[in-house]
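Here is a short report on one helix and its surroundings. It looks at burial, ring pairs and charged pairs.

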Amino acid sequence: MLSNRARLIVKTMVLTLLGAGLIGAVIGLIVLRGGFYNIAATQQHYPLIYTVFEEGLQYSVQNHARDIQVPEGLGAPEQLLRGAAVYKANCIQCHGGPGVAPLKQGMSMQPVPGPLVDADLNWETRELYWITRNGIKMSGMPAWEYHLSDNDIWAVVAFVSSMPNMTQEDFRRMTSTGAAAATVTQGEAP
């Protein structure tokens, strides 16, 4: 049993925490309803916002992708060419590539889409698949599961995973119009 002094201390702590929570909620509501936070795509988020979102993104993707099985033989030459065609048609505009800058549309997004040249350093293959398939809320990254076949998603993941070892010339050659057109006609329909 707690003494009167201990009960008073616990009661004071609980009321202080509740009061601080209430004050925080009121301040948050004032900022929200007052429209004080600038959500324009021309303004960067505060560093704290980026930190919270990035950490949440990492944990969410790790959690949701943990049961995905990477197919055997991922990264076969014909699959990489197919992935290069899919990447050129759908990804290069926002993410660019080795020696290729994203288009203006990609650079004007907030948050700015990250380069995928080193994506395999931050993400496991199954996590890249999950992100590509499901997209990311409030980032402009679409859910490609509604636009691409599963084979095309795995092909682009294989291509992105191989990008760190590519030179600018390798990237240009693989995404060239001739190579891309040849693989698009051989690929499966979504």
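Ten names make up the buried list of α8: Asp-152, Ile-153, Trp-154, Ala-155, Val-156, Val-157, Ala-158, Phe-159, Val-160 and Ser-162. The model is predicted. With 10 of its 13 residues buried, α8 is largely enclosed by the rest of the structure. The helix covers residues 150–162. Its end C-alpha atoms lie 18 Å apart, which agrees with the 18 Å expected at 1.5 Å a residue.

What do the buried residues of α8 pack against? Their partners are α3 (77–90), α6 (119–122), α7 (125–134) and α9 (168–174).

**Aromatic pairs**

The structure has 5 aromatic pairs. In one of them, the ring centres of Tyr-129 and Trp-154 are 4.1 Å apart. Their planes meet at 10 degrees, under the 30 degrees cut-off, so the pair is stacked. Tyr-129 belongs to helix α7 and Trp-154 to helix α8, so the pair ties together parts 25 residues apart in sequence. Tyr-129 counts as buried, at 7% relative accessibility. Trp-154 is buried too, with a relative accessible area of 7%.

An aromatic cluster is formed by Tyr-87, Phe-159 and Phe-171. Of these, Phe-159 is among the buried residues of α8.

**Salt bridges**

The model holds 4 salt bridges. The table gives three entries, including a bridge to α8 residue Asp-152.

| Basic residue | Acidic residue | Closest N and O atoms |
|---|---|---|
| Arg-82 | Asp-152 | 2.7 Å |
| Arg-126 | Glu-124 | 2.9 Å |
| Arg-133 | Glu-145 | 3.3 Å |

Which helices does the bridge between Arg-82 and Asp-152 link? Arg-82 sits in helix α3 and Asp-152 in helix α8, 70 residues apart, so distant parts of the chain are linked. Are Arg-82 and Asp-152 buried or exposed? Arg-82 is buried, with a relative accessible area of 14%. Asp-152 counts as buried at 4% relative accessibility.

The bridge between Arg-126 and Glu-124 has a buried and a partly exposed end. Arg-126 counts as buried at 19%, because the limit is under 20%. Glu-124 is partly exposed, with a relative accessible area of 43%.

Glu-145 and Arg-133 form another bridge. Glu-145 lies in the loop between α7 and α8, and Arg-133 in helix α7, so the pair ties together parts 12 residues apart in sequence. Glu-145 counts as partly exposed at 26% relative accessibility. Arg-133 counts as partly exposed at 29%.

Key
Residues are numbered from 1 along each chain as its sequence is written. This is a predicted model: local features need pLDDT of at least 70, side-chain atom pairs count only at pLDDT 80 or more; totals for chains, interfaces and linings use all residues. Side-chain values use heavy atoms; hydrogens and water are left out. Helices (H or I, at least four residues) and strands (E, at least two) are DSSP runs, numbered from the N terminus. The expected span of a helix is 1.5 Å times one less than its number of residues. Buried means under 20% relative accessible area, exposed over 50%, partly exposed in between (1.4 Å probe, protein chains only). Contact means heavy atoms within 4.5 Å. Rings of Phe, Tyr and Trp (its six-membered ring) pair if their centres lie within 6.5 Å; planes under 30 degrees apart count as stacked, over 60 as edge-to-face and the rest as tilted. A salt bridge is a side-chain nitrogen of Lys or Arg within 4 Å of a carboxyl oxygen of Asp or Glu.
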